[in-house]
Amino acid sequence: MTTPILFVHYGDEWIRGSERCQLDLLAHLDRNLFEPVVWCNSQTMAAAVRNMGIRVYQSPFRFMLTSFRPRFSTRGYLEQIHTGLRLAREHKVRLIHCNGAGPTQWMLPVARLRSIPIITQLHASYLKRDRYVFGCRWADCLVGVSAEAVNGFRSDGVADRQIRIIHNGVDSARLENGTADPRLHALRSPARQIVTFTGSLIHRKGVDILLRAFRLLYDLEPRAELLILGDGPEQRSLHTMAQNLGIAPRVHFLGACNHVGVVYRDFTDIAVHPARAEAFGLVLAEAGYFGIPAAASNVGGIPEVVLDGETGLLCEPESPDSLAATLKVLIRNPELRRRLGRAARERILQHFTVERMARNFAALYGQLTDSGRPS
């Protein structure tokens with residue numbers, strides 16, 4: 001008999017970090033053991049889940065004591081609890097998995113009223129106020145995508161037995177599919193060194209730091225080309241910044257890309273991630289799968305993915321000078337790139353596959369549904 005699990009996700013109208021990890025997990029769960037049902041606020045996420053043949057419900061979500069939109073209303077909040085209770089009852093749910101801290105706020109009452117266990121999966125670090133407002137510390141199990149994601153809860157006194165770390169996993173089948181953007185073929189040449197950034201164009205990702213670092217390299221390394229894959233609210237200002245810095249001829253903004261794996265596999269020499277904060281860094285794991293060494297900020301959960309001097313090189317955060325120096329070392333040392341890339345691929349295949357992630361969650365689901373608590 002399968003175990004019905006209600007997955008509850010809050011996010012924006014896109015498929016990025018936490019959405020991608022949730023979809024990959026759903027795709028690799030053993031359907032002979034688990035029956036997933038998804039409730040989310042995003043129409044984009046709902047459509048992706050529906051395309052997988054999974055039952056999905058979509059509605060706007062409201063939060064208490066936060067600045068999240070839409071604005072809080074007592075009636076709306078109680079209606080969310082009522083909807084959660086209805087879904088749990090109709091689908092005979094035996095476990096709730098909140099993909100992110102937010103949904104815990106109304107799913108914790110559902111779990112307690114229905115006497116079923118609840119997991120909160122943490123894809124980011126949270127301020128102490130939010131750790132309490134969302135109620136995550138009272139979930140039966142907190143699952144961090146990295147140690148960084150759960151360190152705040154440890155400092156709050158949450159017991160180790162209540163915490164698990166299950167790293168995100170690379171879906172090799174998804175990454176290997178697709179075709180490259182035709183604009184890339186003109187760039188591929190042994191005479192060029194292609195540095196690739198993948199991610200949302202938001203302040204936290206530090207693309208402005210990357211552009212300043214590339215300015216420092218621009219004249220010293222005339223073979224270097226910079227690819228920027230992604231979109232976001234800073235896209236226009238970053239275009240302008242590249243022009244003002246005089247580096248626009250060798251900085252290529254390709255927008256959102258559905259075939260990142262092909263870009264890594266066929267067109268990338270170095271992956272770069274200059275984030276100001278990052279709980280994990282899935283794009284670095286995906287680059288490592290293809291044997292691409294990384295130059296990345298030494299922040300958050302990144303050192304759990306990239307081992308400095310072994311699978312890539314870490315630099316000081318918020319420092320264009322440090323990032324430029326790190327990139328220069330990799331650009332000028334092809335043998336170092338090959339050595340780091342080989343080690344990166346071995347590490348990803350051993351520790352960061354989506355199959356491993358799905359097995360770890362399946363084991364946790366089994367423990368919680370058997371005893372109500374992680375063992």
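Reading a chain: burial, shape and cysteines

Guide: Let's start with burial: of the 375 residues in this chain, 56% count as buried. Keep in mind that this is a predicted model.

Visitor: Okay. How many helices and strands does the chain have?

Guide: You can pick out 15 helices and 13 strands.

Visitor: And what radius of gyration would a compact globule of 375 residues have?

Guide: It would be near 21 Å, and the chain has 21 Å, so the two agree. If you box in the C-alpha atoms along the principal axes, you get roughly 65 × 40 × 40 Å.

Visitor: What share of the contacts joins residues at least 24 apart?

Guide: Take contacts between residues at least 6 apart in sequence: 66% of those link residues at least 24 apart.

Visitor: Now the outside. How much accessible surface does the chain have?

Guide: About 16,100 Å², and carbon and sulfur atoms account for 50% of that. As for charges, there are 46 positive and 36 negative ones, and their mean positions lie 4 Å apart.

Visitor: How many disulfides does the structure hold?

Guide: First the general idea: a disulfide is a covalent bond between the sulfur atoms of two cysteines. Here the count is 0.

Visitor: Why does Cys-98 have no bond to Cys-136?

Guide: Check the distance! The closest cysteine sulfur to that of Cys-98 is in Cys-136, 7.9 Å away, and that's too far for a bond. Cys-98 is also buried, at 0% relative accessible area.

Visitor: Is Cys-257 buried or exposed?

Guide: In between: Cys-257 is partly exposed, with a relative accessible area of 28%. Its sulfur has its closest cysteine sulfur in Cys-21, but 17 Å is too far for a bond.

Methods: Residues numbered from 1 in each chain as written. Predicted model: local features only at pLDDT ≥ 70, side-chain atom pairs only at ≥ 80, totals over all residues. Heavy atoms only, no water. Helix = DSSP H or I, 4+ residues; strand = E, 2+ residues; numbered from the N terminus. Rg over C-alpha atoms; globule rule 2.2 N^0.38 Å. Buried < 20%, exposed > 50% of the residue type's maximum accessible area, 1.4 Å probe, protein only. Contact = heavy atoms within 4.5 Å. Areas by Shrake-Rupley, 256 points an atom, 1.4 Å probe, with all protein chains shown as cover. Lys, Arg positive; Asp, Glu negative; His and termini not counted. Charge placed at Lys NZ, Arg CZ, Asp CG, Glu CD. Disulfide = S-S within 2.5 Å.
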